[in-house]
Amino acid sequence: MDIASRNHVTVTGDPQGRPVVLAHGFGCDQNMWRLTVPALADDHRVVLFDYVGSGRSDASAFSEERYSSLEGYARDVVEVCEALDLRDAVFVGHSVSAMTGVLAAARAPERIGALVMVAPSPRYIDDEGYRGGFSAEDIDELLASLEANYLGWSAAMAPLIMGNADRPELGDELKNSFCATDPDMARVFARTTFLSDSRDDLKSVTVPTLVLECTQDVIAPREVGAFVHGAIPGSTLVTLDATGHCPHLSAPDATNRAITDFLASL
């Protein structure tokens, strides 16, 4: 299979620069990074892609068995890196993709040499001594609502996830992105995302890591950012002057500055 077309891979920026792979979160696609790419393109080879079932990926490649675990998405990441022969790439993952990057780096350490986690969460459900932001009942209701009426769920949830109620166009963009995703494939990705528990995987991270959190985020509260930072030795935690779960859209300048400062430090 042609990996580039399967994942609608696009490459821009400096062909000689260190590769930076930008990975979108649930219900999104590579277009969500359009405000970040210009900040990176002068000095880096910027790689974008869509997970199978999202954006302009090849939907015929979708497999519920493969994508019912984050390992399936991590395999996609590694295969994209192999297809482009990327080495020592910086993987920038938004939301659940931050954990996909952790798994991909463990699978192919020669391919991924640093991680940037944008609003990450290794587990969304609260546990003893851990606050993920949701009870098990919350997640059950969320998934039941999504599966019963995906378009209605998207319209209701997108503004909450995006935050920034004073800028409704941001919530509308996220809603439209959700609604452009095939509902059956979104159902699988949602279950994989919201039922995941990647806390133990954080211990495997040995590469330089930047953790970006927002001051207010209904999906990944600040306790989660602190947990991720504490679980990854030597990581850097930056609290962005931003609210909501998508700072690369709501506060691109602050997000880009944090990423480029980190890249410059490597």
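This is a short talk on a few residues and one helix pair in the structure above.

Okay, so, one thing up front: this is a predicted model. Keep that in mind as we go.

Let's start with Ser177. It sits in helix H7, which covers residues 168-179. Is Ser177 buried or exposed? The relative accessible area is 11%, so Ser177 goes down as buried, given that the cut-off is under 20%. And what does its side chain reach? That would be the backbone oxygen of Gly27, at 2.7 Å. If you skip the neighbours within four places in sequence, Ser177 is in contact with Gly27, Cys28, Asp29 and Met32.

Staying in H7 for a moment, Lys175 is in that helix too. Lys175 has 26% relative accessibility, so we call it partly exposed. Again leaving out neighbours within four places in sequence, its contacts are Ser154, Ala155 and Ala158. There's also a C-alpha distance for your notes: Lys175 to Leu151 is 8.6 Å, with the two residues 24 apart along the chain.

Now back to Cys28, which came up as a contact of Ser177. How many disulfides does a search of the whole structure find? The count is 0. Cys28 is in no disulfide, and the nearest cysteine sulfur, the one in Cys246, is 5.6 Å away. Why no bond from the Cys246 side? Because the closest cysteine sulfur, in Cys28, is 5.6 Å off, and that's too far; the cut-off for a disulfide is 2.5 Å between the sulfur atoms. Both cysteines are out of the solvent by our criterion: Cys28 is buried at 5% relative accessibility, and Cys246 is buried at 2%.

Last item, the helix pair. Two packed helices get described by the angle between their axes and the distance between the axes. Here we have H3, residues 70-83, and H4, residues 96-107. Their axes come within 8 Å and cross at roughly 65 degrees. The crossing of H3 past H4 is right-handed.

Who makes the contact? On the H3 side, Leu70, Glu71, Tyr73, Ala74, Arg75, Val77 and Val78. On the H4 side, Val96, Met99, Thr100, Leu103, Ala104 and Arg107. And what does that add up to by residue type? In the contact of H3 with H4 there are 9 nonpolar, 1 polar and 3 charged residues.

That's what I have; happy to pull any of these up on the screen.

Technical notes
Residues numbered from 1 in each chain as written. Predicted model: local features only at pLDDT ≥ 70, side-chain atom pairs only at ≥ 80, totals over all residues. Heavy atoms only, no water. Helix = DSSP H or I, 4+ residues; strand = E, 2+ residues; numbered from the N terminus. Buried < 20%, exposed > 50% of the residue type's maximum accessible area, 1.4 Å probe, protein only. Polar contact = N/O pair within 3.5 Å; in protein donor to acceptor, adjacent residues only side chain to side chain. Contact = heavy atoms within 4.5 Å. Axes fitted to C-alpha atoms, helices over the stretch in contact; angles between N-to-C directions. Left-handed = near helix turned anticlockwise from the far one by under 90°. Nonpolar A, V, L, I, M, F, W, Y, C, P; charged D, E, K, R; others polar.
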